[in-house]
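Me: Could you take a close look at one part of this structure with me? I'd like to see how some of the helices pack and what sits between them.

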Amino acid sequence: MKTHPSEEVLEDFILSQDSGHQAVLQHLIWCPSCRSKLLFLPRLQEVGRSAAPDYDRVFEEARRAVESFERALKEERGAAPGLYLELRAQPPEWQVILIANPRFQTWGVAELLVERSLEVSPRDPAYGEKLGLLALELANQLDASRYGTERIEDLRAQAWAHVGNACRLHSDLQGAEEAFGRAFSHLEKGTQDALERAVLLDLEASFRRDQRRFDDAFTLLRRAVEIFLDYGERHRAGRSLVKMSIVHSQSGHPSEGIPLLRRALDMIDPEQEPRLLLCARHNLTDYLAQSGRFLEAQAAYRAARPLYRSFPDAWTQNRRKWVKGKIVRGLGQLRQAESLFLAAREGFLAEGIPYDTALVSLEIALLYAEEGRTAELKQLAVEMVPIFSSRHIHREALAALSFLQQALAGEAVATEVVARVADYLKRAEHDPELRFQGAEA
């Protein structure tokens, strides 16, 4: 056939196939490796010379090719964890040498390296970046005739995006900018798969959020949500909605994130990602409390309690105490609030998380100031500065805490001073360049 078939011919062709043949067609649309194999099948060459093609035979050959490839891919994925452990046991310079061995040059290993890069980056961004770069080295050695050039380009796009995400997490914003640029460049050379693009948009949005380019972050996340929903990926859309709510919070409007979180809760699959569900429920509770909607926050907290119990780690439990303290304080239960804030503060100190320690300390300071508990307030201020001086808290935040300590050196306790420092630290948590204005005009 020398001309493109019309829409009517294509429609008749598709409708004439049974469900099995239609499944093969769907696979061929997205799999460049199988499309390339299809070109060399003997039966297809005969079709090119025959006036009456035997579609059943063609599809049978195609089906066998697809099944053979998928079996091989399943075997590769099954072997990948063991090969990954071999790589992980070696120093980085040996890992690069090892992947020159054909045993490691499989799609399964490359895919697993990319997945591990994303998984480990929140805990260890430097290691996550190394895994992403190792995946890129391996991608350069994959057999394009077997896996398809376009699919390998998609893999490179994923790897660069995860490198960019890891750079973001350890504050290398220039490295992240370059990595995301490379990711989208490779994506353009790939399969043009919309879901691949949505995943990259979602990751880039976190980077733009950290740059405080909030409008850009919203735009990227809206596009990602639209694509995910178009393809029936409700869980992924829910994750992007949670991210959108965080952008609202970091831009100083937590109440605007509340409807997004309620929508996300209807989409998140608790079996697939229970911690994401906890994150959504916790943030909903926190944003309601920050917005002064304490009765709603209390109801949201009660709904989240089973999930909190499922995650007994210190990181989760300290934040549970903190948000519950905010709720009971808003409901006038000051003694319980104080107890919860103190417990959260001790937990953050034990974890070595200075910024959260500072924020919850200021919750306690506000309680003391409002109740006129001068001696306890001054003692709290004296304790805060040396702790934070040794914990890599940024300079402007330390200046704000020092100002508070000096302001409280006198006899009078100024509640508005404590509130002003607390408000500054909340805004500066995600904006270290925000200047603290000590004395007001």
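**A close look at packed helices and the core**

Reply: Let's start with one residue: Met244 sits in helix α14, which covers residues 234–250. Keep in mind that the model is a predicted one. Is Met244 buried or exposed? Its relative accessibility is 7%, so Met244 counts as buried, given that the cut-off for buried is under 20%. Who are its contacts? Leaving aside residues up to four places away in sequence, Met244 touches Phe218, Leu221, Arg222, Val225 and Leu260. There's also a nice contrast between sequence and space here: Met244 and Phe214 are 30 residues apart along the chain, while their C-alpha atoms are 9.5 Å apart.

Now zoom out to the core. In soluble globular proteins, nonpolar side chains tend to be buried together. Here, the largest nonpolar core has 83 residues, and Leu113 and Val242 have the most contacts inside it. Helix α13, residues 214–230, gives the most to this core, with nine residues. Val242 itself touches Leu261, Ala264, Ile268, Leu276, Cys279 and Ala280, again not counting residues up to four places away in sequence. A second core, separate from that one, has 37 residues, including Val417, Leu425, Ala428 and Phe436.

Some of those contacts of Val242, Leu261 and Ala280 among them, turn up again where two helices meet. To describe two packed helices, you give the angle between their axes and the distance between the axes. For helix α15 (residues 258–265) and helix α16 (residues 274–290), the axes come within 10 Å and cross at roughly 150 degrees. Angles over 145 degrees count as roughly antiparallel, so that is what α15 and α16 are to each other. The crossing of α15 past α16 is left-handed. From α15, Ile258, Leu261, Arg262 and Leu265 take part, meeting Leu277, Ala280, Arg281, Asn283, Leu284, Tyr287 and Leu288 of α16. Sorted by class, that contact has eight nonpolar, one polar and two charged residues.

Next, follow Leu113 to helix α7. With helix α8 (residues 125–139), α7 packs at an angle of about 160 degrees, the axes being 8 Å apart. That makes α7 and α8 roughly antiparallel, therefore, and their crossing is left-handed. On the α7 side you'll find Val109, Ala110, Leu113, Val114, Arg116, Ser117 and Val120, and they meet Pro125, Tyr127, Gly128, Leu131, Gly132, Leu134, Ala135 and Leu138 of α8. Eleven of these contact residues are nonpolar, three are polar and one is charged.

Helix α7 (residues 107–120) has another partner, helix α10 (residues 149–169): their axes come within 9 Å and cross at roughly 25 degrees. Because of that angle, α7 is roughly parallel to α10. α7 passes α10 in a left-handed crossing. Trp107, Ala110, Glu111, Val114, Ser117 and Leu118 of α7 make the contact, together with Arg151, Ile152, Leu155, Gln158, Ala159, His162 and Asn165 of α10. By class, you get seven nonpolar, four polar and two charged residues.

One last stop: what about a charged residue? Glu338 lies in helix α19, residues 334–351. At 11% relative accessibility, Glu338 counts as buried. Not counting residues up to four places away in sequence, Glu338 touches Leu367, Tyr368 and Arg373.

Notes:
Residues are numbered from 1 along each chain as its sequence is written. This is a predicted model: local features need pLDDT of at least 70, side-chain atom pairs count only at pLDDT 80 or more; totals for chains, interfaces and linings use all residues. Side-chain values use heavy atoms; hydrogens and water are left out. Axes are lines fitted to C-alpha atoms, for helices over the stretch in contact, and angles run from 0 to 180 degrees between N-to-C directions. Helices (H or I, at least four residues) and strands (E, at least two) are DSSP runs, numbered from the N terminus. Angles under 35 degrees count as roughly parallel, over 145 as roughly antiparallel, 65 to 115 as roughly perpendicular and the rest as oblique. A crossing is left-handed if the near helix is turned anticlockwise from the far one by less than a right angle, and right-handed if clockwise. Contact means heavy atoms within 4.5 Å. Ala, Val, Leu, Ile, Met, Phe, Trp, Tyr, Cys and Pro count as nonpolar, Asp, Glu, Lys and Arg as charged, and the others, Gly among them, as polar. Buried means under 20% relative accessible area, exposed over 50%, partly exposed in between (1.4 Å probe, protein chains only). A nonpolar core is a set of buried Ala, Val, Leu, Ile, Met, Phe, Trp, Tyr and Cys residues joined through side-chain atoms within 4.5 Å.
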